[in-house]
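Reader: I'd like to go through this one label by label, and hear what stands behind each of them. Can you take my "how do you know" questions as they come?

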Amino acid sequence: MKPLALLLPIAWRNLWRNPRRTGITLLVVIVGTWSILAFDIFLAAWAVNSRDASLRVLTGEGQIHAPGYLDDPSVSHRLPARADALLAALDSPLVGAWTRRVRVPAIIRSEYRTRAVTLLGVEPAKERMVSDLPSETVAGRYLKSPGDAGIVLGRDLAQRLKTRVGKRVVVMAQADDGHLAEAGFEIVGLFGASKAAEDEFCFTGLGTAQRLLGIDDEVSEISFDSGKQQTIRDVVARLEAAVPAVEVKSWMDLAPLAYTIERFSQYYIAAWLVIMFVLMAIGIVNTQLMAVFERTREFGLLQALGMRPRLILLQVVLESALLIGLGILAAIALTVLSVAPFHRGIDLGALAGGAELIGAGRMLYPAMSVADTVRSGLLVWLFGIAAALWPAANAARANPAVAMVEP
Amino acid sequence: MSPIIQCRAVEKVYRQGAVPVPALRGVDLDIERGDFASLAGPSGSGKTTLLTLMGGLDRPSSGEVAVDGQAITRLDSTRLADLRLHKIGFVFQIYSLIPVLSAIENVEFILRLLGLPQAECAIRAAQVLRDVGLEGLEQRRPSRLSGGQQQRVAVARALAPKPAIVLADEPTANLDSRNAEELISLMAQLNAASGTTFLIATHDSRVIARTHRHIEMTDGRISADERIGAAGP
């Protein structure tokens, strides 16, 4: 005998004997599973958005510095100009993209005001591969080459300095030899980003910054993204092994808020899954216990006719498995319908201030992952079946002698 | 030839709270192969309890019950289920069909539990339904069959596995006289034609009159056991 072939059709027909109860249980499973899937997707989008909002400003997935730079980001802590082992590692498949920067504290002065900023000398073409700021130019232009002598400021900083594109500012920073280097720059562009980024960062060409600071071809930092199929932890470990004389940090160390948000969203999803599952389990157990209670005589009759108790257990479990499976499929369809309207992203423009406070960028991009959906669906299905074991065990314990009793 | 069912000093005591209520008080009874027997007696005399113990649906408080030579008193629930499946057919007072299955599927279900191939189950189930006069109604669900038709399906289901004995508990209690008469005729005919053993617990004098052996119970004991005619072939 093939128990599944025998019992599946019966289990399916039994589901529809009480359409109202089946409908209520289905609704519980659909709403519960949908909320798990939808929260998973939107929280994951928020986590990715928060991470990208932080990482795609300047951080990248990781950074390399000379020892001591992170504690004292002055011009004296520099990476060597020609480090063959480092360049070989950066050009290997470990790393997807990388760029060099000079990054030092500086003072910027317009004809009206003076502000403390961070001056960055960058290679514009390579910078675009690890940072979104070059694409966020809101006035004028971005830098054209490492030798570009112009400066790009944040929009907010320009307002604070009461200056604009086309005007000049003076930048002062401590040079390698200890004297206060100073140079005038024409503002060639303004970028838009978070207020903090707009206030803090000023960009000029890498060569221009090196000349100002007197440091030949040396740089302060290298920012990189990991290669395909690489995890950032592996990349950091292998870069550290390849070049022990430098400090390699992952974004988790460099942007702890973004990392905390990502971890928080994972814990939140797990907690939500547990809460929703407990609620669903109560619903499933309650309705299945009721169904079993109402059919006590029927289960006794089946035993009286010679059906083994474990087959009765299997039949009730199959009924639950079909019911929960159906609910999960409907919930997946509902999730697709819920997420599809947002495939071009959710603009948090109206909440920009608040979104920035919680570390999120302007756009959320919710995306359904087949693997995550299957994993969550399978988890709910298996836990649901486990919850149905109790009523099923009750059914299997039905007394066959009740078949003799007139209801 | 050994009896199909042997009961020796069978006692059954139920409890109502702390009060013991004896239902059977030392029953000794043999049901022979081919018997077409009625088990009669007033309400509370122990008919249904005895049938329950003979069918392995419950265990006696003391004494022994053997079915086809096998002592069943100490079998676990799985072995008892197997024994009922292979050796005993039941016809209950209410029709007791599986409501989501059609007439033929109700019969096939038992045959498939026995592990028979699906094609053979379908052929045998159709044959048994023809034998009980339900040709043309095979695909109807119980809710679309009359009480008499449902009880015929129950008889067909009981007979399909070719059991050693059919135990029927008040099978005509919920039928009108015409259907009751037809059902008892059918069972008598099956006993005569195939030698299937029937033990029918009943109050119905028309049923008692058609059986070949009258067993009478009073206060949990066998008070009379009279053989009227020959057992089936």
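Reader: How do you know that strand 2 and strand 6 of chain A pair?
Author: This is a predicted model, and the call rests on a bridge count. Two strands need at least two bridges to count as paired, and strand 2 and strand 6 (residues 168-174) of chain A have 3, in the antiparallel sense. One place to look is A:Arg109, whose bridge partner in strand 6 of chain A is A:Val170.

Reader: What makes strand 9 of chain A a partner of strand 2?
Author: That's the bridge test again. Strand 2 (residues 95-109) and strand 9 (residues 221-226) of chain A run antiparallel and are joined by 6 bridges, against a minimum of two, so they pair. In that match A:Ala97 stands opposite A:Asp225.

Reader: And what joins strand 2 of chain A to strand 3 of chain A?
Author: A hairpin, running through 4 residues. Strand 3 covers residues 114-122 of chain A, and its antiparallel pairing with strand 2 has 9 bridges. A:Val102 has A:Gly121 as its bridge partner there.

Reader: What makes strand 2 and strand 5 of chain B edge strands?
Author: Start with the sheet: it is open, has 4 strands in the order 2-1-4-5 (chain B), and pairs antiparallel. Strand 2 (19-31) and strand 5 (70-71) of chain B each have a single partner strand, so one side of each is left without a neighbour in the sheet.

Reader: How do you know that strand 4 of chain B really pairs with strand 5?
Author: Strand 4 (residues 62-67) and strand 5 of chain B are joined by 2 bridges, and at least two is what the rule asks for, so the pair counts. B:Val67 stands opposite B:Gln70 in strand 5 of chain B.

Reader: Why is chain B called as compact as a globular protein of its length?
Author: First the contents: chain B has 7 helices and 10 strands. Its radius of gyration is 17 Å, close to the 17 Å that the globule rule gives for 233 residues, so the label follows. The C-alpha atoms fill a box of roughly 50 × 40 × 35 Å along the principal axes. Of the 233 residues of chain B, 47% count as buried. Taking contacts in chain B between residues at least 6 apart in sequence, 68% join residues at least 24 apart.

Reader: Which residues touch the most other members of the largest nonpolar core?
Author: They are A:Ala395, B:Leu39, B:Val107, B:Leu129, B:Ala156 and B:Leu167, in a core of 123 residues. Helix 2 (residues 19-59) of chain A supplies the largest share, 13 residues. Leaving out residues up to four places away in sequence, B:Val107 touches B:Ala125, B:Val128, B:Leu129, B:Ala156, B:Arg157 and B:Ala160. There's also a second, separate core of 55 residues, including A:Leu79, A:Phe203, A:Val219 and A:Val248. As background, nonpolar side chains tend to be buried together in soluble globular proteins.

Reader: What makes up the contact of the two chains?
Author: Chain B puts in 23 residues and chain A 20. On the side of chain B that touches chain A, helix 1 (47-54), helix 2 (77-87) and helix 3 (103-113) of chain B are the elements that give two or more residues. Helix 2 of chain B gives the most, with 6 residues. By class, that side has 11 nonpolar, 7 polar and 5 charged residues.

Reader: How is chain A divided into domains?
Author: Domain 1 takes 3-55 + 258-404 and domain 2 takes 67-245. Their centres, taken over C-alpha atoms, are separated by 49 Å.

Reader: Why is A:Asp216 called exposed?
Author: A residue is exposed with 12 or fewer C-beta neighbours inside 10 Å; A:Asp216 has 10, so it passes. A:Asp216 is in the loop between helix 7 (206-213) and strand 9 of chain A. Its phi is near 50°, a positive value in a residue other than glycine. Most residues other than glycine have a negative phi.

Reader: And why is B:Asp219 called partly exposed?
Author: B:Asp219 has 14 C-beta neighbours inside 10 Å. Exposed stops at 12 and buried starts at 20, so B:Asp219 falls in between and counts as partly exposed. B:Asp219 is in the loop between strand 9 (213-218) and strand 10 (221-227) of chain B, and its phi, near 50°, is positive too.

Terms used:
Residues are numbered from 1 along each chain as its sequence is written. Chains are lettered from A and ligands numbered from 1 in the order in which they are written. This is a predicted model: local features need pLDDT of at least 70, side-chain atom pairs count only at pLDDT 80 or more; totals for chains, interfaces and linings use all residues. Two residues are in contact if their C-beta atoms, placed from the backbone, lie within 7 Å. Ala, Val, Leu, Ile, Met, Phe, Trp, Tyr, Cys and Pro count as nonpolar, Asp, Glu, Lys and Arg as charged, and the others, Gly among them, as polar. A nonpolar core is a set of buried Ala, Val, Leu, Ile, Met, Phe, Trp, Tyr and Cys residues joined through C-beta atoms within 7 Å. Domain bounds come from an automatic or database domain assignment. The radius of gyration is taken over C-alpha atoms; the globule rule is 2.2 Å times the number of residues to the power 0.38.
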